[in-house]
Amino acid sequence: MRTLLAALLCLAASAAHAADRAAKDPVSAYPTKPIRILITVVPGGGSDVTARAIGQKLTEAWGQQAIVDNRPGGNGVVGMDIAAHATPDGYTIVIGTIGPVAVNPSLYPKLPYDPLKDFEPITRAVSALNVLVVHPSVPARSVKEVIALAKKDPGKWTYASSGNGTSIHMSGAMFTQLTGTDIVHIPYKGSAPAVTDLLGGQTNMMFDNIPSSLPHIKSGKLIALATTGAKRDPALPDLPTIAESGVPGYESGVWFGLMVPAATPKNIIARLNAAALEATKSPEFIKRMTDLGYNIIPGSPEDMARMLEAELKRWAPIVKASGAKID
């Protein structure tokens, strides 16, 4: 009994010491409580899959639960706004991606956050190309044939997207600009309903994320014509790129990375970066993401910062030329 009592007292003292140390130096003791990972879209998309895969590895590494919190709305504005104004202590992470970070600043006349000033990057995580898919009823089996159809009947053909300002929308906008075609954009509230209507023939085509369309391509329910990157994608190695198919200079895709509110301590950012890099190197993470069609692209906070600046500059003229605006 005395031995048990002594052990309990020792545990209590150890816990009290840890709590005291955390109170005095919360940065070096980090993390001492669950971490929230904000997602700016509904469950099931690329951001969600990435967050849950990394969150699981963070939980295993630190013994603190990483809780995924989906806050969709306003093309990612709702979730990004919450993250921008969260306490900068490392306990709120947001999954940044092309729409909320690189496109929204040109899409909205006023945003409640600044993607560069209000956030600190942690690391890039994964990327994916988009793929031009058509419903089997569309009489085109190449990019050139799509262009020919669109030029023959301007305004007749449609492409679905997961919403205004998303990578899928912008991939379509870039295509119509570079080819001088009039293909009508039909935005949906997410990729899933857009794909559902495409499968049903309500729309004609889509510049979808590869992981989303891959099962339907393999089943023959959608016809893949070309991918959107600068080079061919490992998930569809026999498929040409749109640039290869006669649209020089075309390049588009989607990426997901980790960000925290500005003013988060640098050593917490360093800890998060190290842990995230370890997570992306794990065999389980690599298999899960590559099986889904994602490319793993981790790096330093500085790598991600450079990417964010380049993406903002790249998409601003595309958004402007598309004429897309959201009040």
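**View 1. Several helices and a strand share the lining of the largest pocket.** Helix 3 (46–62), helix 5, helix 7 (167–179), helix 8 (191–199), helix 9 (210–219) and strand 9 (253–261) each bring at least two residues to that lining. Helices (H or I, at least four residues) and strands (E, at least two) are DSSP runs, numbered from the N terminus. This is a predicted model, where local features need pLDDT of at least 70, side-chain atom pairs count only at pLDDT 80 or more, and totals for chains, interfaces and linings use all residues. Residues are numbered from 1 along each chain as its sequence is written, and side-chain values use heavy atoms, with hydrogens and water left out.

**View 2. Helix 5 meets helix 12.** Look for I98, V101, A102, V103, P105, S106 and L107 of helix 5, which touch L308, E311, L312, W315, A316 and V319 of helix 12 (contact means heavy atoms within 4.5 Å). Sorted by class, these contact residues come out as eleven nonpolar, one polar and one charged. Here Ala, Val, Leu, Ile, Met, Phe, Trp, Tyr, Cys and Pro count as nonpolar, Asp, Glu, Lys and Arg as charged, and the others, Gly among them, as polar.

**View 3. Strand 4 helps to line the second largest pocket.** Strand 4 (119–134), strand 9 and helix 12 each give at least two residues to this lining, and the largest share, four residues, is from strand 4. By class, the lining splits into eight nonpolar, five polar and seven charged residues. Back in the largest pocket, the lining has 19 nonpolar, 23 polar and one charged residues.
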